[in-house]
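Visitor: I would like to learn how to read the features of a structure, one at a time. Could you take me through them, giving the general idea and then the case at hand?

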Amino acid sequence: MTAGLNNVERARAASGPDPVEMRGIEKGFAGVPVLRGVDFTLGPSEVHALAGGNGAGKSTLMKILEGVYRPDAGAIRVGGREVTLSAPKDAEAAGIGMVFQEFSLVPTLTVARNIFLGREPRRFGLIDDRAMVRRAGEILGGMGVDLDPTAELQTLPTGYWQLTEIAKALALDVKILIMDEPTASLTKTESEALFALIKRLKEQGVSIVYISHRMEEIYRICDRITVLRDGGVVLNDDVADLTPEQIVAAIVGREMDALEWEERPAPRGTDVPMLEVRNVTAANGVTDMSFRLHAGEILGLAGLMGSGRTELARLLFGIDRPDTGEILLRGEPVEIANPRVAIAKGIALVPEDRRQQGLVLDHAVRDNLLLPLLDDLRRGGLVDDRRGDGLVARLIDRLQIKLSSPKRPVRLLSGGNQQKVVIGKWLGREPEVLILDEPTAGVDIGTKAEIIQQIRELADAGKAIIVISSELAELLAVSDRVLVLRRGTVTADLDRRDIADEESLQLAIQGV
Amino acid sequence: MSQTAVPPSAPPPAAPARRPGLLQEVDWRNYAIYIGFVVIFVLFAIFLADDGFLTGTNLLNIVRQTAIISIMAVAMTFVIAAAQIDLSVGSVAGLSSVAAAMSIAATGNALFGVLAGLAVGLAVGIVNGSLVAFLGVPSFLVTLAMLGIAFGLAQYITESAPQPILNDTFNAIFGGGNIGPIPGLLVWTIVAVVIGAVVLNKTRFGRQVLATGGNRVAAEYTGVNTKRITFTVMLISSVVAAIAGMLYAGRLESGRYQWGTGDELSVIAAVILGGTSLFGGTGSVIGSLVGSLLIGLINNGLILAGLDVSQQQIIRGLIIIVAVALARKK
């Protein structure tokens, strides 16, 4: 496709009706209004950011556009024509595609099979594998992605899953693409590839709704922004005309500088570090790693995916075992054979994937919060539920978890509140060493600020804390010291005061 | 270090902000089994009144006939709640019945019979549990194989012959006797259900079983020894199946390799009817009991209605499908 054709297309598109126009959308669940008369317009070839806190109504609005929910009131026009979207296939027919935050992929199938899942090209009634692979290759090529369509998905890094998910949407020839937190699980490089792809899609006339909490991305790729709060639109403007403060203020409803670094007093305490890792090498990729962590200190781990961040956390929590080297707690060498040993020694992990590793999603919030505490709640062989309920109430209060009842499944909570439950699980045990792996992934900015504040309070209370994050702004906001990891080993040990800004840390991570 | 010390921050809050309306949606599906039980009971009471459905003898008969299934269903609730399955319970019951009968015949002592029966349960449970928990072999495969092994072994050691039990003490304790007007089997059932319900809902072990079944990785990451939990539920299931086998032996005053044949299907159906998810993570011992009673109720009603065995099987299958479909969560 030549640039000239693109321009023609763009001109034609620009003169036509808006791809999506939603007017006066109202929707409630069980009598609780979630959307109160929302207007939302997506322009031609526009990347439109949709932002808002947990429960602001973003997901509900988009689920209406995907045909999952039907609005109680309001009208939807797609390409100028009024439509009724009563099922996802109606949205599909209207050219609306969705890239899910939780992947809707089958890991054991190939990339091509995932792209065409349920719509496989057929020949004489049988699936035409060759045509499928060829067309998948064309779609991926059109995205500028070098990915083998015959590769089995589970052998590929998460970044490629995201791309497969997008290719799956594009295979439908969509004109409107909804992306929900697409970079949440991507590394910096993978995100860059995604941004390039978004630009390319835009040039091809695709309009994109981009749900994100990340300010940097909104400025980078979005043309317009709509902010929802309490089910209504509180901001709708060109991104270029807004300051980040204005956007954040619209999201949270008040001014805040959560991601501002606060210098904390140097960790008090003794010369003996709370945790010391000495020349540890393990099969999972950690190579000759050494560092120390003191009580009351927040240590940030920076690095790309696979640099050894999560792998280190797995060693410290007893999920993987080191081959050589030593781990010392308060100066004593320890063998951490499994998570139970780690927990008994006062080490806790808030894992990377809260849904798979952190929570029993179908179980009540209270059952999730009490699971690590059952030992302490036993009285005469039985679990003392009354004491448990009191504990749960205090944890919910301390972490400001927003829920209707602790007896309802944790699955019904927003991402931010789910994450608070994972953190809350450990607070009752008062761990000495708390490791948080991507604690704010997929969490809105208001909750993010609350989580960062919790981390600081825990460090102030003398806990030794390790924070792993792909989001450098957050890492810089919370850390006292930052370890830069590359290929499984520590390449720099930086005092936070010596890091000028995100760029310099990014350069250190990339090893430039 | 491992105290339950939530810092004394604010005083415990009043009930957290509650969104109106949400708590009012009671999910009737959770109660489908109880509703179904009552509906079918009432229907039978009306239409089969002349056939003696409501007489005390008949109702006690239902309890007696379902007792052994109910007891195995209690243990199976734990297995399924932990996201495992045990297909070997029926044939373990059969093997236990012959082991008990042959030991009593050889020693003349009821105690040795009980020990032999329990030994069968322990041995099978340890094998099943080890293979599933520590070697990671799917429980479906392990227990499917064990179903055949236990059945074959029982048939082999008895040369297909019934093993009569002449020990009155054994027969009275295991299923044959009554305590006043109450059948001994009813007592066994009540004991099993009460212990099962308390352990599943009120103990650390029960909660850990549910967590393991709900999300094994998250449970492991939270300090639950998921391998031990898995091993233990498989062991419990086999030991309880062995006790069930002795109940068969006591009630029928003999050990036979056929005792318990096909029971695994009734037991699993009772547990699923009772609202325990086949995917693990939820479980209701009381529900399993009602599920088992419901199956017994249907069997009894259909017999009283004069249907023959083939018709009974068809109708029973249809009722189970309808009940499970109604109880299914959306």
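**Reading the sheets**

Guide: Let us begin with strand order: chain A has an open sheet of 4 strands in the order S14-S13-S16-S17, with antiparallel pairing. Strand S14 (289-293) and strand S17 (332-334) of chain A stand at the edges, each with a single partner strand, so one side of each is left without a neighbour in the sheet. On average, neighbouring strands of this sheet are turned by 20° against each other, with direction ignored. Please keep in mind that the model is predicted.

Visitor: How many bridges join strand S13 to strand S16 of chain A?

Guide: A general idea helps when looking at any such pair: in a regular strand the side chains alternate between the two faces of the sheet. Here, strand S13 (residues 275-282) and strand S16 (residues 322-329) of chain A run antiparallel and are joined by 6 bridges, and A:Ala282 stands opposite A:Pro322 in S16(A).

Visitor: Which strands stand at the edges of the sheet with mixed pairing in chain A?

Guide: That open sheet has 6 strands, in the order S18-S21-S22-S15-S23-S24 (chain A), and its pairing is mixed. Its edge strands are S18 and strand S24 (489-495) of chain A, each of which pairs on one side only. Here too, neighbouring strands are turned by 20° against each other on average, direction ignored. S18(A) pairs in the parallel sense with strand S21 (residues 433-437) of chain A over 4 bridges, and the bridge partner of A:Ile347 in S21(A) is A:Val433.

Visitor: Which helices lie across strands of chain A, and at what angles?

Guide: Helix H10 (residues 309-316) of chain A lies across strand S15 (298-302), S18, S21, strand S22 (464-468) and strand S23 (481-486) of chain A, running at about 145° to S21(A). Helix H18 (residues 502-510) of chain A lies across S15, S23 and S24 of chain A, and runs at about 35° to S23(A).

**Reading turns and loops**

Visitor: Which residue takes a positive phi in the hairpin of S11(A) and S12(A)?

Guide: Strand S11 (residues 224-229) and strand S12 (residues 232-238) of chain A pair in the antiparallel sense over 6 bridges, with A:Arg224 opposite A:Asp238 in S12(A). The hairpin has 2 residues between the strands, and A:Asp230 takes a positive phi near 50°.

Visitor: Is A:Arg330 exposed, partly exposed or buried?

Guide: A:Arg330 lies in the loop between S16 and S17 of chain A, and has a positive phi of about 50° although it is not a glycine. A residue counts as partly exposed when its neighbour count falls between the limits of 12 or fewer for exposed and 20 or more for buried; A:Arg330 is partly exposed, because 15 other C-beta atoms lie within 10 Å. In chain B, Glu159 (B:Glu159) is placed in the loop between helix H5 (139-158) and strand S1 (163-164), and its phi is likewise positive, near 50°. B:Glu159 is exposed, since 7 other C-beta atoms lie within 10 Å.

**Reading the core and the confidence**

Visitor: Which residues have the most contacts inside the largest nonpolar core?

Guide: In soluble globular proteins, nonpolar side chains tend to be buried together. The largest nonpolar core here has 239 residues, and those with the most contacts inside it are A:Ile435 and B:Met72. Its largest share, 16 residues, comes from helix H10 (residues 226-252) of chain B. Leaving aside neighbours within four places in sequence, the contacts of A:Ile435 include A:Ala313, A:Leu349 and A:Ile466. As for chain B, buried residues make up 50% of its 330 residues, and its secondary structure comes to 13 helices and 4 strands.

Visitor: What does the UniProt record say about residues 66-85 of chain B?

Guide: The unreviewed UniProt entry includes residues 66-85 of chain B among those it annotates as "transmembrane region". In the model, this stretch is 80% helix and 0% strand, and its end C-alpha atoms are 21 Å apart.

Visitor: Where in chain A is confidence lowest, and where is it highest?

Guide: Where pLDDT is low, the predicted coordinates should not be read in detail. Chain A averages a pLDDT of 85, and 93% of the residues score at least 70. Confidence in chain A is lowest in helix H1 (residues 3-15), at a mean of 47, and highest in strand S18 (residues 347-350), at 96. Over residues 1-13 of chain A the pLDDT is below 50, and this stretch has 8 contacts in the model beyond near neighbours in sequence.

Notes
Residues numbered from 1 in each chain as written. Chains lettered and ligands numbered in written order. Pairing = 2+ DSSP bridges. Axes fitted to C-alpha atoms, helices over the stretch in contact; angles between N-to-C directions. pLDDT = per-residue confidence, 0-100. Contact = placed C-beta atoms within 7 Å. UniProt positions renumbered as here; feature names shortened; annotations may be inferred. Core = buried A, V, L, I, M, F, W, Y, C linked by C-beta atoms within 7 Å.
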